[in-house]
Amino acid sequence: MPNAARTSSPLPDPAPHVALIEDDPVMGQSVADWLAVEGYRASWFRSGSDAVNALSRSAPDAVICDIRLPDMNGEEVYRALALSCGLAPIIFITGHGDIAQAVRLMQAGAADYLTKPFDIEALLRRLEALLAPRWQRGQGYILGEAPAILAVERALRRVAPIVSTILLTGPSGSGKEVAARLLHAEGPRARLPFVATNCAALPMDLLESEIFGHERGAFTGATARHEGLAEQAGAGTLFLDEVAELPMPLQAKLLRLVQERVFRRLGGERDLPFRARIVAATNADLETRIAEGRFREDLFFRLAVIRITMPALRERREDILPLARRFLGEFAAGFVRPLRGFTTLAEDALINHDFPGNLRELRNRIERAAALTDGELITAGDLFPERALRIGSDTPVPRLADVRDAAERRAITAALAASQGDVTRAAEWLQVSRSTLFEKLRRLGLRGDSV
């Protein structure tokens, strides 16, 4: 059993997910235990095929893999994981006889290899160094942990280093600007300006000046030359939100900006170079607007070189509670209030709400609740005052048994998911006997092997 006294820098919440592929039960258990002590979320696979099948559905943040497995070798595993785990660093564990293969794997893109017997401290230090860029550079722009949003995050990180124009689509409030900022922060322009505007927020004459700038005397009130966002962005990123709301004359000017990489200030007489990367966003159906003659098709194809769609919050319900807790922590610190979390009914209400306003609605509800609550726990009534129970109303008060079952169902589901369906390990984490957990699974209609 590893020595828990070892200290390391605290990991963010949610902690990085590390996949361990090792058929040796002694070594596998030892490394898995160490990872757990260090605060990682570890998944242990005893064969290459099991790992490939599981990780194709949910990519980890890093992989530790034995180069010799019962059913596959290191190169076969690497090829199989290349598409689904392309962004996750892979560390191979090898014997002296397989060093040549390990070197080939590093030439192909693997992160590192360690030769048996290896120092577990060295493995942990290397793992921490490999994960640091993701969990430090991206702070403040965490998108979530649900499979739908992890796929988006992988795509954003994959295209961050290139210069192609990006079009972000998805419902209002789904986090398109946060995604644009992550894209900027993860690329080579991270230290350069990120400038943004909402194309639906200003009338056309002001919006044109906002984007392209104006010369002194260009219009009444233009008493000095103004540098627009296209100029302020320099070689950084220009983010145009609600780009579908641009009027047709401005669409033509934007097309020239994208296509010819030049622009002219309002009232100006010479072209200026445009060096920034454009990221555009919309919640509108641009194909429909093109068919209706309200959006230029040539501009659409210039903007949508790479198109990434943000999922609605109801499509990533696994993220609702982690995001809610994160927002609550921010507001508790800002309001200097002793807020400890949510009641069980409040958590149920959050999970079961469809959030038509997506992340924006979730954040607003928590901010209002944090500001107005009288206690240390946020209640369902604080979050959804429009549904609050009234004395004498026909709305039934939930039974204690239902509340208890809901809480147990959440805890058991989380434990089974973390243990990859291992009921014995889940029972240990929940601090109940295996027979008790089986009885609760039966009563709540859950199955250990299906979670």
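In the predicted model, Leu240 has Ala280 of strand β11 as its bridge partner. This pair belongs to the junction of β8 (residues 237–241) with β11 (residues 277–282), where four bridges hold the strands in the parallel sense. The two strands are part of an open sheet of five strands, arranged in the order β7-β8-β11-β6-β12 with parallel pairing. The edge positions are taken by β7 (194–198) and β12 (306–309); each has a single partner strand, so one side of each is left without a neighbour in the sheet. On average, and with direction ignored, neighbouring strands of this sheet are turned by 20° against each other.

Helix α6 lies across this sheet, over β6 (166–169), β11 and β12. With respect to β12, α6 runs at about 155°. Helix α6 (residues 147–159) also packs with helix α7 (residues 176–185), the axes of the two being 8 Å apart and the angle between them about 40°. Because of this angle, α6 is oblique to α7. The crossing of the two helices is right-handed. On the α6 side, the contact involves Glu153, Leu156, Arg157 and Val159, which meet Ala179, Leu182 and Leu183 of α7. By residue class, the contact of α6 with α7 comprises five nonpolar and two charged residues, and no polar ones.

Another open sheet is formed by five strands in the order β2-β1-β3-β4-β5, and its pairing is parallel. Here β2 (41–45) and β5 (112–115) stand at the edges; each pairs with a single strand, so one side of each lacks a neighbour in the sheet. Neighbouring strands of this sheet are turned by 15° against each other on average, direction ignored.

Within this sheet, strands β3 (residues 62–66) and β4 (residues 90–94) run parallel and are joined by four bridges. Ile64 finds its bridge partner in β4, namely Ile91. Helix α3 (residues 74–81) packs on the sheet and touches β1, β3 and β4. The direction of α3 makes about 165° with that of β4. Helix α2 (residues 48–55), in turn, lies across β1 (17–21) and β2, and runs at about 135° to β2.

Definitions and conventions
Residues numbered from 1 in each chain as written. Predicted model: local features only at pLDDT ≥ 70, side-chain atom pairs only at ≥ 80, totals over all residues. Heavy atoms only, no water. Axes fitted to C-alpha atoms, helices over the stretch in contact; angles between N-to-C directions. Parallel < 35°, antiparallel > 145°, perpendicular 65-115°, else oblique. Left-handed = near helix turned anticlockwise from the far one by under 90°. Contact = heavy atoms within 4.5 Å. Nonpolar A, V, L, I, M, F, W, Y, C, P; charged D, E, K, R; others polar. Pairing = 2+ DSSP bridges.
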